[in-house]
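Q: Please take a close look at a single part of this model. I would like one connected account of that part and its surroundings.

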Amino acid sequence: MKKPPVVDVMGLLVRMSYNGENVDEAGHYDRTTKCIVISEEEKGQRYVRTVLHELGHALLDRSGVHQAISEELEEVIVEVYSNFLAETFKMDFL
Ligand SMILES: [Zn+2]
């Protein structure tokens, strides 16, 4: 699967790390460092959905939307949208 080291999110360059060891989450987006870490445990469709989910956080950060909504609502939005993208476009090319 494709694993780009950097993803351009509307001009925000987000560094990607795919070998997160001992992370207690499937993935994480750090708003301060603009980095995404994906657990090395994530494979196949789980990997795709996790990458899309974390990129959703980066997109809401870049757009400023995250400042206007709660953390709980942000989680719902990025989860719904990442599942929609993964299921609609069969994004197994990631
Ligand atoms: Zn999340």
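Which strands does helix α1 lie across, and at about what angle does it run to β3? Please describe the sheet under discussion as well, with strand β4 at the centre of the account.

A: Helix α1, residues 44-63, lies across β1, β2, β3 and β4, and runs at about 15° to β3. This is a predicted model, with an average pLDDT of 91 for the protein chain and 95% of its residues scoring at least 70. Among the elements, confidence is lowest in β2, with a mean of 92, and highest in β1, at 97.

The setting comes first. The protein chain holds two helices and four strands, and from the N terminus on the order is β-β-β-β-α-α. Its radius of gyration is 12 Å, close to the 12 Å that the globule rule gives for 94 residues, so the chain is as compact as a globular protein of that length. The C-alpha trace spans about 35 × 30 × 25 Å along its principal axes. Of the 94 residues, 27% are buried. Among contacts between residues at least 6 apart in sequence, 41% join residues at least 24 apart.

Now the sheet. Its four strands are arranged in the order β1-β2-β4-β3, as an open sheet with mixed pairing. β1 (6-9) and β3 are the edge strands, each pairing on one side only. Neighbouring strands are turned against each other by 25° on average, with direction ignored. In general, strands of a sheet pair through backbone hydrogen bonds, in either the parallel or the antiparallel sense.

Taken pair by pair, β1 and β2 are antiparallel and share four bridges; here V9 is opposite L12 of β2. β2, residues 12-20, pairs with β4 in the parallel sense, again over four bridges, and S17 stands opposite V37 in β4. On the other side, β4 is joined by four bridges to β3 (residues 27-30), and these two strands run antiparallel. D30 has C35 of β4 as its bridge partner. β3 and β4 form a hairpin, with four residues between the two strands. One residue in that turn, K34, has a positive phi of about 60°.

β4 itself covers residues 35-39, and four of its five residues are buried, so the strand is largely enclosed by the rest of the structure. I38 shows what surrounds the strand at one position. Leaving aside residues up to four places away in sequence, I38 touches S17, Y18, G20, G27, Y47, T50 and V51. S17, Y18 and G20 fall within β2, which spans residues 12-20, while G27 belongs to β3, residues 27-30. Y47, T50 and V51 lie in α1, residues 44-63.

The helix and the strand also meet in the largest nonpolar core. This core has 15 residues, and I36, I38, V48, V51, L52, L55 and A58 touch the most other members. β4, α1 and α2 (71-89) each supply at least two residues of the core. The biggest share comes from α1, which gives eight residues.

In short, α1 lies across the four strands of the sheet, β4 pairs with β2 in the parallel sense and with β3 in the antiparallel sense, and both α1 and β4 contribute to the largest nonpolar core.

Note on methods. Residues numbered from 1 in each chain as written. Predicted model: local features only at pLDDT ≥ 70, side-chain atom pairs only at ≥ 80, totals over all residues. Buried ≥ 20, exposed ≤ 12 C-beta atoms within 10 Å, placed from the backbone. Pairing = 2+ DSSP bridges. Axes fitted to C-alpha atoms, helices over the stretch in contact; angles between N-to-C directions. Contact = placed C-beta atoms within 7 Å. Rg over C-alpha atoms; globule rule 2.2 N^0.38 Å. Core = buried A, V, L, I, M, F, W, Y, C linked by C-beta atoms within 7 Å. pLDDT = per-residue confidence, 0-100.
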